[in-house]
Protein chains: 4
Amino acid sequence: MTKIDVGSELIYEVRRSTVFLFKIAVGQTNHQRIEQETYTFDPMQNVEDCVVGLDGNRLQRVVVDPCTLKIQYNATVELTPDIEMQLDVQESNIAQVPSDVLTYLNPSRYCESDLLGRFAFEEFGQVPRGFQRVQAICDWVNTHLDYTPGSTTSTTTAADVLLQRTGVCRDYAHLAISLCRGLGIPARYVSGYAVDLQPPDFHGFMEAFLDGNWYLFDPTKLAETKGLVRIATGRDAADVAFATLTGDAVLKSSTVWATAGSINDANQGNSAVSTA
Amino acid sequence: MTKIDVGSELIYEVRRSTVFLFKIAVGQTNHQRIEQETYTFDPMQNVEDCVVGLDGNRLQRVVVDPCTLKIQYNATVELTPDIEMQLDVQESNIAQVPSDVLTYLNPSRYCESDLLGRFAFEEFGQVPRGFQRVQAICDWVNTHLDYTPGSTTSTTTAADVLLQRTGVCRDYAHLAISLCRGLGIPARYVSGYAVDLQPPDFHGFMEAFLDGNWYLFDPTKLAETKGLVRIATGRDAADVAFATLTGDAVLKSSTVWATAGSINDANQGNSAVSTA
Amino acid sequence: MTKIDVGSELIYEVRRSTVFLFKIAVGQTNHQRIEQETYTFDPMQNVEDCVVGLDGNRLQRVVVDPCTLKIQYNATVELTPDIEMQLDVQESNIAQVPSDVLTYLNPSRYCESDLLGRFAFEEFGQVPRGFQRVQAICDWVNTHLDYTPGSTTSTTTAADVLLQRTGVCRDYAHLAISLCRGLGIPARYVSGYAVDLQPPDFHGFMEAFLDGNWYLFDPTKLAETKGLVRIATGRDAADVAFATLTGDAVLKSSTVWATAGSINDANQGNSAVSTA
Amino acid sequence: MTKIDVGSELIYEVRRSTVFLFKIAVGQTNHQRIEQETYTFDPMQNVEDCVVGLDGNRLQRVVVDPCTLKIQYNATVELTPDIEMQLDVQESNIAQVPSDVLTYLNPSRYCESDLLGRFAFEEFGQVPRGFQRVQAICDWVNTHLDYTPGSTTSTTTAADVLLQRTGVCRDYAHLAISLCRGLGIPARYVSGYAVDLQPPDFHGFMEAFLDGNWYLFDPTKLAETKGLVRIATGRDAADVAFATLTGDAVLKSSTVWATAGSINDANQGNSAVSTA
């Protein structure tokens, strides 16, 4: 059991009435308990708290009049160790995959598994099935891509990345997800906070469904999976943008942090902090 | 209230043990009541009936050993007229869209609304908002595309179609959906049966979310919306394939029919029938 | 007859032995006479001067050892007015197009005229043929794109631009060229200097082949065609990059200028100058 | 020295006056001498014989009124063995590549070497340079693609093929060309006839420029390079289509043949013949 302090601060210049959809609050799951949480809007706003979709993602919707808007989110989260990672975990036969998981075999906006299936089979068809095959995919992605901020955009897809061989965390995750789905392994995108991520920022990683459970992988290897705190889950980055806005507002600054705390040292003074 | 007889017959040559996921049975919704239904597999199979996803799509999963497999589906469906189509139906403000509908604003595999937003605004930004704007989009798609069987494949996207200007029903729907989402109007894909469709086949159309309700549109104008019987709903065609299979099987024939019946004439002898 | 002073200065940090191919010197054509020209490399280099391709583009090849390399190019060019632009100039029948011009009907890397032909016919099929049709294409491109530096990259194509509706000079030219070719009008890319371009930079524009001659068009409308001084001609930007390098060197600064001079005022003190 | 009989017969239904550009006659090069040649149009036509481009491609232009047009081409060609293939042939340093060859380093419509450069370096950067590196590229293409007629279209590019891993001769050539260019090796597309090709058809292959000469490669390995008879050379398939037509005509049948003849047996009775 680990205790982790996470948080983020976003400052927007809102120029006319704007509808914001935020996904920055951590999720409540079997493996992740929110011990305490504060979520403040300055100036104060009327915030609608929603739980959406099959995966129960949290979403805050707020309509903001022109102002300088500062959002601050803080949480202390208790992570129960996930099922122990073991190389002998098997892939689920598609005949046994729970029906609600089947949707994570479909191609999605940034994960064109329908295009990459042949490549996946050629490269990973002979790798022993199960946890180690997903691990082999993540290793391959990690080895063959260069982590290059600025080399991709918000519309870059897994197929683009497979060709150009550069990207950032979301691109690594998209490619790994696509290769899994191409092999018949359900896979999904997870946004979150990551302890000791350098530079600190929101992170994107993935989960593969194996033998009845979802297993976390970070193809960038920039963070340890035991330090990953989930915000939201989706088919790909299209579903879990930290903020979606309709109107006219500009992000002026963004600060994100995540520190492994302890019972005696819950203060976040030592956390890694970025300002983008 | 209309009564419609629909059905389909699929014949597969199954060469080795194959897992099939079928989406050919009609959905049960507020506007669509299944009066009677038969669903037969020959040879008989152990069929798992699932209801999946937020939209409650029905899905039949079956593992089939080598054989010639014949699936026949028949249903009589009672359609309650949808909310009357009216040009003065308004668009929902994004601040009011129910949270579970928000997902239908996201781009998806075949509907790259993130790429087509500027085009959508340029072409439809000045059209009065609401039902008539969606109608204008469907009219535009209908006018600017040529319905050309064989001109697209299962991986063709809305952006491809906007450039090449040809496609079939799924392509028409994908483009209309993308343009709606690009304008902030939630939109989704619907697969179904369509009365008097020529040539008879499974059909693909769309729904837009306006003023609190989903409204049906068929951008191909090949069928009247009052003769559309829903099978499944999804983000795009990736979610509602009539059959997905893992193993080795070949579709040998496919026959689809849909006829407006009446209380006294429920026999399907007059139905349009295709054999592909 | 106009006299124009043009020039550019490029500074590179060369980190290891690098082969440069430069295309920054103006071309010698029927309509463009080089009155004087200086081309200096500091430190001095062994420069190979080539004339390449069907269009007689000039190219300087030089192998540079590690250093800070400064290239300065200056020329005074006398432009003889091109054939007078007239709306009644006709398109050449493909049966009469000179055989060496036929190549400019083929699709090329950034001009996928094979993809955009249907769009071109739909949008411009009814426009009276000839000069005014090319003008209509350029007007359309100018109206429907937003000139947005940074919105495209060196691999952006005409099809991308037609969808996203933003770009810079090369994107405008690529789209106009593609639409011309799609209609059977030979068209090619021209790089050059442009009087009074704001901000000053190398410019990209296009030529269409009509009634036996090449006619200049600038779809960006950022410069007058009578102030366009040609450097090189090609199928698209792939053929006329101002510098191509193999090795390891970084462009530290680039300054470009072009001023309409006069017999009494050949000094370039008033020229618009940019430093990028 | 080998003597080869090649030929083709094309039959078109011409519905209205149509301009044809044919590239089916073999080229005259240092390594390829046309011993005899017949080229007939039935009904007879006024044929314009052109030699176009840097590579001296032959092109026949003809304007045909409505009719059933039958074109028959026959040639006996004497091939002088190309420079002996040797694994120790070196790559040309870009500083020494003749200036007119430089154009074959540029990306082109179906060969996006600008997108595939990183992949090329990653996969072939460590392979010893020279003939054997091009051979390694062709071997890789041959091993990793499935030759699947119908799996690609006339607009499929090298990047598409690298992802989908299927294609036909033109796709194999496009991918190999792109990878060569990505590594700085000039490469171009060659269309031609191929002895013993099964099924008989026009063939597409490639040339790489090494140590001052162009070397032939057939990445499909469907024909021996010593049995390849050149028709035309270009950047990619866009430049060498066997027929381009403007008007309204439909290809009704196409027959292609190529046989290694001998002094005593110049008849073509044993040639492989296809009718498509």
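Start by selecting chains D and A of this predicted model and superposing them: a rotation of 180° with 0.0 Å of shift along its axis lays chain D on chain A, with an RMSD of 0.0 Å. The two copies are therefore related as by a two-fold rotation axis. To find that axis from chain D, pick D:Leu163, the residue of the chain whose C-alpha comes closest to it, at 4.0 Å.

Next, show the residues on both sides of the contact. You should have 13 residues from chain D and 13 residues from chain A. Why do the copies meet through the same surface? Because 100% of the interface residues of chain D are also interface residues in chain A.

Now switch on the surface. Together, chain D and chain A bury about 1200 Å², with 52% of it on carbon and sulfur atoms. Within chain D, colour D:Arg118, D:Leu163 and D:Arg165: they lose the most area to chain A, together 52% of what that side buries. D:Leu163 is thus worth a second look, since this is also the residue of chain D closest to the rotation axis.

Turn to the polar side of the story. There are four salt bridges between chain D and chain A, and six residue pairs in polar contact, both partners at pLDDT 80 or more. For one of the salt bridges, zoom in on D:Glu122 and A:Arg165, where the closest N and O atoms are 2.3 Å apart.

Finally, draw chain D as a cartoon. Helix 1 (113-124) and helix 3 (158-164) each supply at least two residues of the side that touches chain A, and helix 1 gives the most, with five residues. Coloured by class, that side of chain D shows six nonpolar, three polar and four charged residues.

Note on methods: Residues are numbered from 1 along each chain as its sequence is written. Chains are lettered from A and ligands numbered from 1 in the order in which they are written. This is a predicted model: local features need pLDDT of at least 70, side-chain atom pairs count only at pLDDT 80 or more; totals for chains, interfaces and linings use all residues. Side-chain values use heavy atoms; hydrogens and water are left out. Contact means heavy atoms within 4.5 Å. Buried area is the accessible area (1.4 Å probe) that two parts lose on being put together, summed over both. A salt bridge is a side-chain nitrogen of Lys or Arg within 4 Å of a carboxyl oxygen of Asp or Glu. A polar contact is a pair of N or O atoms within 3.5 Å; within protein, one must be able to donate a hydrogen and the other to accept it, and residues adjacent in sequence count only if both atoms are side-chain atoms. Helices (H or I, at least four residues) and strands (E, at least two) are DSSP runs, numbered from the N terminus. Ala, Val, Leu, Ile, Met, Phe, Trp, Tyr, Cys and Pro count as nonpolar, Asp, Glu, Lys and Arg as charged, and the others, Gly among them, as polar. Copies are superposed by least squares on the C-alpha atoms of residues with pLDDT of at least 70 in both.
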